[in-house]
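Here is a short tour for a colleague opening this structure for the first time. Have the sequence and the model side by side, and take the points in order.

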Amino acid sequence: MKEYTIDSSGANQRLDRFLTKLMPLAGRSFLQKMLRKKRIKVNRSRAEAKTLLKEGDTLQIYFSEETINAFQKEKRRLEIPEAYAGLFAPPLYEDDHILVINKPAGLLCQPDHSGEQSLIDLALTYLSRENLSLSDTFSPAVANRLDRNTSGVTMIPKDYPTLRAVNAAIRERQTQKLYHCIVAGSLTSPGELTDFLTRDETQNRSEVAAQGKAARLSYRPLAHTSNFTLLEITLHTGRTHQIRAQMAAAGHPVVGDPKYGDPDINARFEADFGLKYQLLHGRTYRIDALNYSFTAPYPEIFEEIRKALFEGRRD
């Protein structure tokens, strides 16, 4: 028999969901059968799948240590490559409840089918090195995902209550998301774009259309020339590729964007600066209800191009 004490990361979860996270290889039907047979109890009493766990509850699992271990996935741990070591030395922000990273372009937020290393893989390695006691039923994940080739603020809650609070704020639209990008063309005054977007999943592409999901953003020029503009964009909705698709449809594609951008402009910036990704950066993320406000410096190549295009010019 093994006993677990429910901490804040496990509290307010249904027992069946907690067990599935604790022993993901066991199977739901098997776990429910063990509940019926009283091989799994809460506070040494019979419990049901829908039982809501509370902090301080004790969970008794009448399996051998070997059986429990066999039902648990081995947690993925990687070495942090030298190229990414600077992300954590130090991170953009960290306290007991949240880790915030300035994600570089080119790095996945979460693992995918490719098996490539991701930001969360690196973060878990970093947290394990910091001797953070990670719960068996909670694994940190990125709360606000960015596209692989978009840089900027990424938040990684370290415990379930923080993740729940951040997700609730995102769901209830209590966040403020500011992006900075460099676009083709000259924009000299603030504006707003309201469109409908459709998705082509086979091409991983969003398009402005007559019908679809509503997409709204507002923008403010920070600097401009006759050919390019540095914009601050506030997202009011969170559609896939929203900024890239809407700005391109408006005639101002993001510089460097291989999917929605201008090929001739992209070729020029690749030749002059080695640019391979869109100049789109998650600059600031705020959740006032949680007293969170994080601002990420520009990536080196973004800053280099910004200076080359706009240095010495006034807003």
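1. A word to start with: a residue counts as buried when its relative accessible area is under 20%. With a relative accessible area of 6%, L275 falls under that cut-off and so is buried. Please keep in mind throughout that this is a predicted model.

2. Let us stay with L275 for a moment. You will find L275 in the loop between helix 8 (263-273) and strand 13. Which residues does L275 contact, leaving aside its neighbours within four places in sequence? They are V255, G256, F269, E270, I301 and I305. For V255, which is 20 residues from L275 along the chain, the C-alpha atoms of the two are separated by 9.2 Å.

3. Now step back to the chain as a whole. It has 315 residues, and 46% of them count as buried. Its secondary structure consists of 9 helices and 14 strands. The C-alpha trace spans about 75 × 45 × 40 Å along its principal axes. The accessible surface is about 16200 Å², and carbon and sulfur atoms hold 45% of that. Among contacts in the chain with a separation of 6 or more, 65% are between residues 24 or more positions apart.

4. The largest pocket is a good next stop. Its volume is about 1100 Å³. It is lined by 36 residues, and those closest to its centre are R145, L146, D147, R239 and T240. Three elements give two or more residues each to this lining: strand 8 (176-184), helix 7 (242-249) and strand 13 (280-287). The largest share, 3 residues, is that of helix 7. Sorted by class, the lining holds 12 nonpolar, 13 polar and 11 charged residues.

5. Helix 7 deserves a look of its own. Is this helix mostly covered or mostly uncovered? Mostly covered, as 6 of its 8 residues are buried. The buried ones are Q242, I243, R244, A245, Q246 and M247. Their cover includes strand 8, strand 9 (191-200), strand 10 (205-209), strand 11 (213-224), strand 12 (228-235) and strand 13. After the helix comes G251, which has a positive phi, near 90°.

6. Just ahead of that helix, look for T237, in the loop between strand 12 and helix 7. T237 has a relative accessible area of 10%, so it is buried. Its side chain has a polar contact of 2.9 Å with the side chain of Q242, and Q242 is itself one of the buried residues of helix 7. The T237 side chain also reaches the backbone nitrogen of R216, at 3.0 Å. Not counting residues up to four places away in sequence, T237 touches K177, A214, A215, R216 and Q242.

7. Finally, a lysine to inspect. K158 is in the loop between strand 7 (151-157) and helix 6 (160-171). Is K158 buried or exposed? K158 is buried, because its relative accessible area is 12%. What does its side chain meet there? The side chains of K158 and E94 are joined by a polar contact of 2.7 Å. In addition, a polar atom of the K158 side chain lies 2.8 Å from the backbone oxygen of D95.

How values were computed:
Residues are numbered from 1 along each chain as its sequence is written. This is a predicted model: local features need pLDDT of at least 70, side-chain atom pairs count only at pLDDT 80 or more; totals for chains, interfaces and linings use all residues. Side-chain values use heavy atoms; hydrogens and water are left out. On a 1 Å grid over the protein atoms alone, a cavity is a set of points where a 1.4 Å probe fits but cannot get out, and a pocket is an open set with protein on both sides within 12 Å along at least five of seven lines; lining residues have an atom within 4 Å of a point. Grid points are joined across faces, edges and corners, and a volume is the space filled by probe spheres set on the points. Helices (H or I, at least four residues) and strands (E, at least two) are DSSP runs, numbered from the N terminus. Ala, Val, Leu, Ile, Met, Phe, Trp, Tyr, Cys and Pro count as nonpolar, Asp, Glu, Lys and Arg as charged, and the others, Gly among them, as polar. Buried means under 20% relative accessible area, exposed over 50%, partly exposed in between (1.4 Å probe, protein chains only). A polar contact is a pair of N or O atoms within 3.5 Å; within protein, one must be able to donate a hydrogen and the other to accept it, and residues adjacent in sequence count only if both atoms are side-chain atoms. Contact means heavy atoms within 4.5 Å. Accessible areas come from the Shrake-Rupley method with a 1.4 Å probe; for residues, only the protein chains shown count as cover.
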